[in-house]
Amino acid sequence: MNPNLHAAADASPECSVLAADRGPGEPSGTRRIRGKHFDIEFVRLGSGETVDRSPGSAAGEEVAAVLEGALHVESGDELYVLSAGEGIVIPPGQGSRWSAPENGGLLYRVIVRAGAAAAA
């Protein structure tokens, strides 16, 4: 590693490295990075596991992609089955419920905090 590159990255007040962690009650394969305006998550769901995001005014836009396997996502009154390489954009306010009914999979998603776009 070039020490000058590392020093330059540390000196920038606009960029910061955030640690990924799992919150209480989340599937064991969850890693989340929390930022000021959005959260980034990697969620490994095993067969039968689910991860929910409640609908309502606090639910910001969600942009997600399945990296491995196949997952089901429910949002509003619709159900989608997404395979590796497929993605979805869920509008603000709708929330989502991801599940792995078969062999499981790896979900990558970015959740924008409600009001973050207006504040920017």
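A salt bridge here is a side-chain nitrogen of Lys or Arg within 4 Å of a carboxyl oxygen of Asp or Glu. Arg 34 and Asp 39 meet that description, with N to O at 3.2 Å between their side chains. The model is a predicted one, and it holds eight salt bridges. Several of them serve below as a route through the fold.

Start with the overall layout. The protein has two helices and eight strands. Along the sequence, they follow the pattern α-β-β-β-β-β-β-β-β-α. The protein has 120 residues, and 29% of them count as buried. Its accessible surface is about 7400 Å². Carbon and sulfur atoms own 55% of that surface. Now take the contacts with a separation of 6 or more. Of these, 61% are between residues 24 or more positions apart.

Next, look at how the strands pair. Strand S1 covers residues 29-34 and runs antiparallel to S2, with six bridges between them. The two form a hairpin, and three residues separate them. One point of register is Ile 33, which stands opposite Ile 40 in S2. S2 itself covers residues 38-45. S2 also pairs with S8, again in the antiparallel sense, over eight bridges. Here Arg 44 stands opposite Leu 106 in S8. S8 has another antiparallel partner in S4, and seven bridges join these two. Val 63 has Val 110 in S8 as its bridge partner. S8 covers residues 105-112 and is mostly covered, with six of its eight residues buried.

S2 deserves a closer look. In a regular strand, side chains alternate between the two faces of the sheet. S2 shows such an alternation. Asp 39, Glu 41, Val 43 and Leu 45 point to one face and are buried. Phe 38, Ile 40, Phe 42 and Arg 44 point to the other face and are not buried. The buried face therefore carries two acidic side chains, Asp 39 and Glu 41, along with Val 43 and Leu 45.

What do those acidic residues meet? Side chains of opposite charge can pair when their charged atoms come close. Asp 39 is buried because its relative accessible area is 8%, under the 20% cut-off. Its salt-bridge partner is Arg 34. Arg 34 is partly exposed, at 48% relative accessible area. This bridge thus joins a buried residue, Asp 39, to a partly exposed one, Arg 34.

Glu 41 also lies in S2. Its relative accessible area is 2%, so Glu 41 is buried. Glu 41 forms a salt bridge with Arg 32, at 2.4 Å from N to O. In this pair, both Arg 32 and Glu 41 are buried. The Glu 41 side chain also makes a polar contact with the side chain of Arg 109, at 2.6 Å. Beyond its neighbours within four places in sequence, Glu 41 touches Arg 31, Arg 32, Leu 107, Tyr 108, Arg 109 and Ile 111.

Now cross to the other face of S2. Arg 44 forms a salt bridge with Glu 68, and their closest N and O atoms are 2.8 Å apart. Arg 44 is in S2 and Glu 68 is in S4 (residues 62-75), so this pair ties together parts that are 24 residues apart in sequence. How accessible is each partner? Arg 44 counts as partly exposed because its relative accessibility is 41%. Glu 68 counts as partly exposed too, at 37% relative accessibility. Some salt bridges also share partners, and these join Arg 32, Glu 41, Arg 53, Glu 62 and Arg 109 into one network.

Finish with the nonpolar interior. The largest nonpolar core has 13 residues. Leu 45, Leu 71, Ile 88, Trp 98 and Leu 107 have the most contacts inside this core. At least two core residues come from each of S2, S4 and strand S6 (87-90). S4 gives the largest share, four residues. Leu 45 brings the story back to S2, where it points to the buried face together with Asp 39, Glu 41 and Val 43.

Technical notes. Residues are numbered from 1 along each chain as its sequence is written. This is a predicted model: local features need pLDDT of at least 70, side-chain atom pairs count only at pLDDT 80 or more; totals for chains, interfaces and linings use all residues. Side-chain values use heavy atoms; hydrogens and water are left out. Buried means under 20% relative accessible area, exposed over 50%, partly exposed in between (1.4 Å probe, protein chains only). Two strands pair if DSSP finds at least two bridges between them. A polar contact is a pair of N or O atoms within 3.5 Å; within protein, one must be able to donate a hydrogen and the other to accept it, and residues adjacent in sequence count only if both atoms are side-chain atoms. Contact means heavy atoms within 4.5 Å. A nonpolar core is a set of buried Ala, Val, Leu, Ile, Met, Phe, Trp, Tyr and Cys residues joined through side-chain atoms within 4.5 Å. Accessible areas come from the Shrake-Rupley method with a 1.4 Å probe; for residues, only the protein chains shown count as cover.
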